[in-house]
Amino acid sequence: MKKINFTFVKTLKNKIMAFELPKLNYSYDSLEPHIDSKTMEIHHGKHHAGYTNNLNNAISGSELENHSIEEILKNLNMENSALRNNAGGFYNHNLFWNILSPSGGGKPSGNLLESINKSFESFENFKEEFSKAAATRFGSGWAWLCVHENGNLKVCSTANQDNPLMSGIGCDGFPILGIDVWEHAYYLNYQNRRPDYINAFFNLINWDQVNEIYISNL
């Protein structure tokens, strides 16, 4: 299973492993005009940093300190809200940053496009279904494109910081593409116009990266 830029750092003081806020491969202003630099600064530097710090606090002193984020999510006690929210927030945002690019957009190709055409009949149908899942997610949450064991792709959505790796949320498979529809992801620029933000998101998708994640999880 591919680990997507989920960085660990070893502390010199107590020799434990801790999760670290990932560095972006692009500057905060490089996704403009689709996502503004102020939103990026707050989203990555404040919100994602907060999830990262809170995740480390939630696992401090437990055996989970040496587990991967995927292991934590797959074996999560869903009643542990601190771990559920912050482990989900850490993972979800890592994927989100990883599949964005200033030179993104267009359409996928290769194996991913074949699977999209097989699963949704066309890229346009996929885009419509994914956009609908993101637009109709009530309140805060995410919409996902997930690959299943047979290679088929499905769209689903989750509330808050839940994701398809968690059990019992009605959205399964391995997530290869996700869009954050929390208001902090778009409200400075788009206010209540979530569909406009979703449409802009498609101008930033790094389809080569999504295809790589897809192939790695067949």
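These legends accompany four close-up views of a predicted model. Residues are numbered from 1 along each chain as its sequence is written, and side-chain values use heavy atoms, leaving out hydrogens and water. Because the model is predicted, local features need pLDDT of at least 70 and side-chain atom pairs count only at pLDDT 80 or more, while totals for chains, interfaces and linings use all residues.

**View 1. The two faces of helix H4 (residues 110-120).** Helices (H or I, at least four residues) and strands (E, at least two) are DSSP runs, numbered from the N terminus. Leu112, Ser115, Ile116 and Phe120 of H4 are buried (under 20% relative accessible area; exposed is over 50%, partly exposed in between; 1.4 Å probe, protein chains only). Down the axis of H4, these buried residues fall within an arc of 105 degrees, so they line one face of the helix; the arc is that of the directions from the helix axis to the C-beta atoms. Turned away from that side, Glu114 and Lys118 are exposed.

**View 2. What covers the buried residues of H4.** The cover, by contact (heavy atoms within 4.5 Å), includes helices H5 (123-135) and H8 (207-216), along with strands S3 (141-147), S4 (153-159) and S5 (174-180).

**View 3. Two residues with positive phi.** Most residues other than glycine have a negative phi, and most peptide bonds are trans. Glu121, in the loop between H4 and H5, has a phi of about 80 degrees and is exposed at 67% relative accessibility. Gln191 sits between H6 (187-190) and H7 (194-201), with phi near 50 degrees.

**View 4. A cis peptide bond.** The bond from Glu32 to Pro33 has omega near 5 degrees. Pro33 lies in the loop between strand S2 (17-19) and helix H1 (37-59).
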